[in-house]
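Biologist: Please show me the model, and then I will ask how some of the labels attached to it are justified.

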Amino acid sequence: MSMPFYVSPEQMTQDKAEFARKGIARGRSLITLEYDEGILLVAENPLNLSKIGEIYDRIGFAGVGKYSEFDRLRQLGIQYADVQGFRFSREDVRAKALANLYSQMIGDEFNRAIKPLEVEIVVAEIGDPESPAHSANALYNVNFDGSILELEGFSVIGGANDNVKRHVEVNYQENMPLETALELGHDALQRAENGTSDLPSESLEVCLLDRSRTGRKFVRLTSPDVKEILTK
Amino acid sequence: MATRFLRRTKLRFRFNGGYLGSSFSELLNDQCPELRPDFKGSELSAPFLSSEGTTVLALRYEGGVLVAGDRLATIGHQVASREIDKVYATDLHSVMAIAGAAGPAIEMARLLRIQLEHYEKIEGAPLELEGKANTLAQLIKQNLPMAMQGLVVVPVFAGFDLRRSIGRLWRYEPTGGRYEERDFDSVGSGSIFARESLKKSYRRDLNRSLAINLAIEALTDAADEDRATGGVDLVRGIFPLIKLCEQQGTEDVEEEEIREAYDRVVASQRLRLSR
């Protein structure tokens with residue numbers, strides 16, 4: 001069969017989008033929640049390979065989809081942040097600029113590469129009370145085609161997550177304590193169509209951007225920590 | 001096709017083809033070479049910063065390792081700055097103290113700090129203390145061309161080794177060679193006097209407060225003999241800086257405690273000279 005010279009941009013984009021969506025839906029879901037003392041990121045992830053990572057003092061990263069691709073993005077984010085902080089100052093590193101960079105990068109790959117990146121990522125930033133322009137938390141989603149969304153309160157990405165999303169939307173409250181937020185996340189993840197309905201706490205990857213810390217706010221919770229919080 | 005386009009436009013932080021790894025200096029070399037500390041080609045007719053106008057020291061004690069430094073920077077015989085910070089916490093369990101040309105030295109401390117943090121974030125775990133000491137050695141080695149032009153950076157690096165649960169310390173040469181010291185060491189123009197002072201009073205079972213006393217005494221002795229080392233400035237309330245590196249992390253010793261140690265040193269000296 002001969003290859004056609006011309007494929008309509010619409011067709012090309014749709015095919016790529018479908019391909020990417022399938023790739024992302026095959027993985028597990030990941031939830032980001034604002035709580036009273038910061039931002040919680042939780043995913044079903046029994047492995048040692050992390051989906052959630054620290055970018056900078058106040059900025060965290062999470063990704064779903066193809067691991068090698070979103071981990072590369074994670075590393076790029078750290079490179080960008082560290083160079084910015086080195087070039088200017090630590091306070092000058094902001095999630096908004098990083099999320100925009102991701103949007104460009106992922107968008108470029110979607111348009112120009114043979115296959116799009118099968119990733120969806122979250123960039124979360126905790127507010128800086130000493131900077132009036134940046135005192136609120138920020139939450140960005142960047143999707144496989146580079147489209148960027150600014151969200152408030154929570155975000156659900158990856159896997160087959162309609163039920164997860166619905167559960168979080170219904171039960172989310174502002175200024176929850178950490179225990180409530182983690183329980184909500186845990187509960188919601190168990191409702192994923194392709195998730196594990198009886199999810200042990202050891203299979204959770206849980207990270208926080210914790211306002212009460214000085215300097216670097218990112219914390220990776222150990223299994224015992226998670227268990228302790230969930231049993232409170 | 002996409003990569004060719006991106007390479008042509010010299011985009012930084014490309015998805016494909018950029019630097020992959022955990023070394024911050026190599027990243028700078030690859031993506032932003034203009035940020036590297038690099039004084040190559042600059043003409044220096046006279047040293048604009050005094051080389052080695054300082055005393056910094058590190059010593060091991062029962063809790064870990066102590067690092068201390070004076071606060072003076074000089075240009076020749078004149079004071080350049082009275083409150084320079086020469087003791088830098090480079091991460092939770094390591095400290096770097098610098099002697100030599102102030103500008104490049106501070107830049108190097110900054111670079112080491114970001115290098116260690118960069119590695120930790122990319123890899124997901126911090127370097128072993130040995131790895132950190134090695135990283136600094138490489139930075140010093142890269143600085144050799146500048147050292148030859150008079151911008152020498154000579155640090156003392158110390159930290160708490162979580163593997164062995166002890167404090168460890170190293171001194172460096174401008175070539176990047178590093179030497180682990182078992183008990184204590186000092187660098188800078190007053191280092192000989194500090195080392196002699198420590199030699200007389202150091203013991204291997206020092207507790208925290210004795211360690212602080214010894215450090216202050218050594219710095220005071222150094223300032224007494226070396227004009228380029230700053231003593232305690234009571235008028236302005238400027239004291240040496242001391243950091244302690246232990247299992248749980250790095251601590252800044254409060255000025256109050258340093259002042260008390262200094263008072264004790266002065267009192268005992270007065271006693272000796274009073275008859």
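Modeller: What follows is a set of questions about a predicted model, each answered by setting a value against a cut-off.

Biologist: Why is α3(B) called oblique to α4(B)?

Modeller: Helix α3 (residues 102-123) of chain B and helix α4 (residues 129-142) of chain B pack at an angle of about 140°, with their axes 10 Å apart. Angles over 145 degrees count as roughly antiparallel, and 65 to 115 as roughly perpendicular. The angle of about 140° falls in neither range, so α3(B) is oblique to α4(B). The crossing itself is right-handed.

Biologist: Which residues make that contact?

Modeller: On α3(B) they are Met108(B), Leu111(B), Leu112(B), Gln115(B) and Leu116(B), and on α4(B) they are Lys132(B), Thr135(B), Leu136(B) and Leu139(B). Sorted by class, these are six nonpolar, two polar and one charged residues.

Biologist: What makes α2(A) and α3(B) roughly antiparallel or roughly parallel to each other?

Modeller: Helix α2 (residues 67-87) of chain A packs on α3(B) at an angle of about 165°, and their axes are 10 Å apart. The cut-off for roughly antiparallel is an angle over 145 degrees, and therefore α2(A) and α3(B) are given that label. Their crossing is right-handed. From α2(A) the contact takes Gln75(A), Ile78(A), Asp82(A) and Phe86(A), and from α3(B) it takes Ile114(B), His118(B), Lys121(B) and Ile122(B). The classes are four nonpolar, two polar and two charged residues.

Biologist: How many residues of chain A are in contact with chain B?

Modeller: There are 17 residues of chain A in contact with 16 residues of chain B. On the side of chain A, the elements that give two or more residues are α2 and α3 (95-112) of chain A. The largest share, ten residues, comes from α2(A). By class, that side has eight nonpolar, three polar and six charged residues.

Biologist: How do you know whether chain B is as compact as a globular protein of its length?

Modeller: Chain B has eight helices and twelve strands. Its radius of gyration is 20 Å, and the globule rule gives 19 Å for 275 residues; the two are close, so chain B counts as being as compact as a globular protein of that length. The C-alpha trace of chain B spans about 85 × 45 × 30 Å along its principal axes. Of the 275 residues, 46% count as buried.

Biologist: Why does Leu117(A) count as buried or exposed?

Modeller: Leu117(A) has 29 C-beta neighbours inside 10 Å. A residue is buried at 20 or more, so Leu117(A) counts as buried. Leu117(A) lies in the loop between α3 and β5 (119-125) of chain A. Leaving aside residues up to four places away in sequence, Leu117(A) touches Glu69(A), Ile106(A), Glu109(A) and Phe144(A).

Biologist: What is the phi of Asn175(A), and why mention it?

Modeller: Phi of Asn175(A) is positive, about 55°, although Asn175(A) is not a glycine. Most residues other than glycine have a negative phi. Asn175(A) is found in the loop between α4 (162-171) and α5 (178-189) of chain A. With 10 other C-beta atoms within 10 Å, against a limit of 12 or fewer, Asn175(A) is exposed.

Biologist: What makes Ser165(B) buried or exposed?

Modeller: Ser165(B) has 9 C-beta neighbours inside 10 Å; 12 or fewer means exposed, so Ser165(B) counts as exposed. Ser165(B) lies in the loop between β7 (153-161) and β8 (166-172) of chain B. Phi of Ser165(B) is near 55°, a positive value in a residue other than glycine.

Note on methods. Residues numbered from 1 in each chain as written. Chains lettered and ligands numbered in written order. Predicted model: local features only at pLDDT ≥ 70, side-chain atom pairs only at ≥ 80, totals over all residues. Axes fitted to C-alpha atoms, helices over the stretch in contact; angles between N-to-C directions. Helix = DSSP H or I, 4+ residues; strand = E, 2+ residues; numbered from the N terminus. Parallel < 35°, antiparallel > 145°, perpendicular 65-115°, else oblique. Left-handed = near helix turned anticlockwise from the far one by under 90°. Contact = placed C-beta atoms within 7 Å. Nonpolar A, V, L, I, M, F, W, Y, C, P; charged D, E, K, R; others polar. Rg over C-alpha atoms; globule rule 2.2 N^0.38 Å.
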